[in-house]
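Biologist: I am new to this structure and should like to learn how to read it. May we go through it feature by feature?

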Amino acid sequence: MTSPLVQTLLQKNAPQQPPVWIMRQAGRYLPEYLKVRAEAGSFMNLCRNPALAAEVTLQPLRRFNLDAAIIFSDILMIPYGLGQHVTFVEGEGPKLSRLDHPNDFHFLKPLKTAQALQPVYDALGLVKEKLSENKSLIGFAGAPWTVATYMIEGGSSRTFEKTKAFVAAFPEGMQTLMDILVEATAAHLLAQIQAGADVVQLFDSWAGALTGDDFARWVIAPNKAIIARVKQAAPHVPVIGFPRKARGADLTHYCVQTGIDGVGIDEDLSPAEACALVPPSITLQGNISPQVLVAGGAALEQAIDACLEGFKGRSHIFNLGHGVVPQTPPDNVAALVARVKFS
Ligand code: 1CP
């Protein structure tokens with residue numbers, strides 16, 4: 001039996017009722033997650049513990065009638081797998097040993113990836129055993145540009161100054177880093193598929209920091225190279241891209257050129273604009289504002305109805321425009337899923 005999510009991505013016809021899942025659906029807004037997170041000691045320990053990672057992956061599906069589970073892991077598992085030092089500091093976010101110069105790349109160990117990331121594949125196997133057949137299991141990775149920003153900045157950034165300076169100073173070095181990340185990411189996605197993922201998503205959360213030629217080189221090209229490798233080995237597995245905040249012709253080119261089956265739309269693009277920019281052969285995913293999900297009530301109901309109406313007639317997966325935030329009341333998530341399911 002094919003699950004509604006896979007069916008929507010493969011058939012491209014507008015579903016009667018869109019399948020629904022929520023980016024970052026496992027996480028800090030759920031008290032049961034916080035309990036397991038405390039037991040694990042650190043975020044990285046949780047990611048590296050297959051039994052606990054499987055448990056938190058399944059937690060949101062016990063509460064809500066979601067159509068998919070997304071494996072609990074992080075986009076920074078790739079730098080970790082390549083041998084970069086990665087920690088998550090409470091209240092501050094991720095901290096990575098910085099890459100300042102292409103000479104630093106010799107510290108990266110491409111061949112280590114599969115072994116270091118084995119706990120992720122073991123967790124997928126455990127989730128798959130417990131997931132009913134009508135639910136999809138989503139594997140994921142960060143796209144190279146987004147992951148490279150963390151590797152070069154040494155953590156989160158909103159301006160990407162160091163990354164942009166690195167690109168300007170060492171364009172060939174940046175290309176080398178992209179090539180390393182393309183290989184590692186394709187291998188990581190294929191290993192997740194082997195372990196049981198039915199669908200994979202590539203998060204390019206900071207794609208919107210680039211436009212034009214830079215967008216083509218650092219966003220479209222690496223996503224396309226990864227998807228070509230995935231499709232060659234696993235042609236039946238749908239791929240969802242998420243070039244967050246990509247606009248205009250950049251978004252259209254991304255959709256036409258990368259080979260994706262579905263595309264995530266952020267909350268700042270209206271469904272009408274998204275429908276005009278994305279060809280009908282591609283499923284649209286999104287795009288409720290995470291802040292409206294925090295607010296709940298009538299504002300949330302109106303936003304859900306406008307989203308359903310806005311994507312009507314198109315192949316659509318219901319989701320947020322970005323990840324759920326920690327202050328979200330779980331009851332609002334329950335209300336969202338119920339409203340989409342009874343639409
Ligand atoms: O201590 C904690 O619990 C830390 C919070 C947390 C969680 C729950 C982090 C730290 N990562 C995660 C899990 C995670 N990350 C998932 C799990 C599966 C699910 O969706 O339920 C996923 C898909 C991610 C992906 C991820 N990590 C992205 C891409 C999506 C997005 O939100 O844009 C990014 C950018 C990261 C990096 C990251 N991980 C964590 C933090 C604090 C950050 C930095 C975010 C930033 O720079 O703003």
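**A guided reading**

Modeller: Let us begin with a single residue: Asp 179 is located in helix α10. Please keep in mind that the model is a predicted one.

Biologist: Is Asp 179 buried, exposed or partly exposed, and why?

Modeller: The term depends on relative accessible area: under 20% is buried, over 50% is exposed, and values in between are partly exposed. Asp 179 has a relative accessible area of 41%, and therefore it is partly exposed. As for its place in the fold, the C-alpha atoms of Asp 179 and Ala 69 are separated by 30 Å, with these positions 110 residues apart along the chain.

Biologist: What separates the C-alpha atoms of Pro 15 and Ser 315, which are 300 residues apart along the chain?

Modeller: A separation along the chain and a separation in space are two distinct readings. For Pro 15 and Ser 315, the C-alpha atoms are separated by 6.4 Å. Pro 15 belongs to the loop between α1 and α2, and it is partly exposed because its relative accessible area is 22%.

Biologist: How many Å separate the C-alpha atoms of Pro 280 and Leu 300, 20 residues apart along the chain?

Modeller: That separation is 27 Å. Pro 280 lies in the loop between α13 (271-277) and β8. Its relative accessibility is 59%, so Pro 280 counts as exposed.

Biologist: Where is Gly 196, and is it buried or exposed?

Modeller: Gly 196 is in the loop between α10 (171-194) and β5 (199-204). A loop position does not settle the matter; the accessible area must be consulted. For Gly 196 the relative accessible area is 11%, so this residue is buried. The C-alpha atoms of Gly 196 and Arg 339 are separated by 30 Å, and the two residues are 143 apart along the chain.

Biologist: I should next like to understand the backbone. Which residues have a positive phi although they are not glycine?

Modeller: The general idea is that most residues other than glycine have a negative phi, and most peptide bonds are trans. Arg 24 has a positive phi of about 65°, and Phe 160 has one of about 60°. Arg 24 lies in the loop between α1 (4-11) and α2 (31-40), while Phe 160 lies in the loop between α8 (144-153) and α9 (161-169).

Biologist: Are Arg 24 and Phe 160 buried or exposed?

Modeller: Arg 24 is exposed because its relative accessible area is 59%, whereas Phe 160 is buried because its value is 5%.

Biologist: Which peptide bond is cis?

Modeller: The bond from Gly 286 to Asn 287 is cis, with omega near -10°. Asn 287 belongs to strand β8 (residues 283-288).

Biologist: What does the side chain of Asn 287 contact?

Modeller: One reads such a contact from the distance between polar atoms. A polar atom of the Asn 287 side chain lies 3.1 Å from the backbone oxygen of Asp 266, and there is one 2.7 Å from the backbone oxygen of Leu 269. Asn 287 has a relative accessible area of 7%, so it is buried.

Biologist: Where is Asn 319, and which backbone oxygen lies 3.2 Å from a polar atom of its side chain?

Modeller: Asn 319 is in strand β9 (residues 316-320). The backbone oxygen in question is that of Trp 21. With a relative accessibility of 1%, Asn 319 therefore counts as buried.

Biologist: Let us turn to the ligand. Where does the ligand sit, and how many residues surround it?

Modeller: The ligand sits in the largest pocket. It is surrounded by 23 residues, and the closest are Tyr 33, Arg 37, Tyr 150, Ser 156 and Ser 205. By character, this shell consists of 13 nonpolar, five polar and five charged residues.

Biologist: Which side chains have a polar atom within reach of an oxygen atom of the ligand?

Modeller: Among them is Tyr 33, with a polar side-chain atom 2.4 Å from an oxygen atom of the ligand. For Arg 158, an N or O atom in the side chain is 2.7 Å from a ligand oxygen. His 322 likewise has a polar side-chain atom 2.7 Å from an oxygen atom of the ligand. Taken alone, the ligand exposes 890 Å², of which the protein buries 91%.

How values were computed:
Residues numbered from 1 in each chain as written. Predicted model: local features only at pLDDT ≥ 70, side-chain atom pairs only at ≥ 80, totals over all residues. Heavy atoms only, no water. Near = heavy atom within 4 Å. Polar contact = N/O pair within 3.5 Å; in protein donor to acceptor, adjacent residues only side chain to side chain. Areas by Shrake-Rupley, 256 points an atom, 1.4 Å probe, with all protein chains shown as cover. 1 Å grid on protein atoms, 1.4 Å probe; cavity = no way out; pocket = protein on both sides within 12 Å on 5 of 7 lines; lining within 4 Å. Sits in = over half its atoms within 2 Å of the grid points. Nonpolar A, V, L, I, M, F, W, Y, C, P; charged D, E, K, R; others polar. Helix = DSSP H or I, 4+ residues; strand = E, 2+ residues; numbered from the N terminus. Buried < 20%, exposed > 50% of the residue type's maximum accessible area, 1.4 Å probe, protein only.
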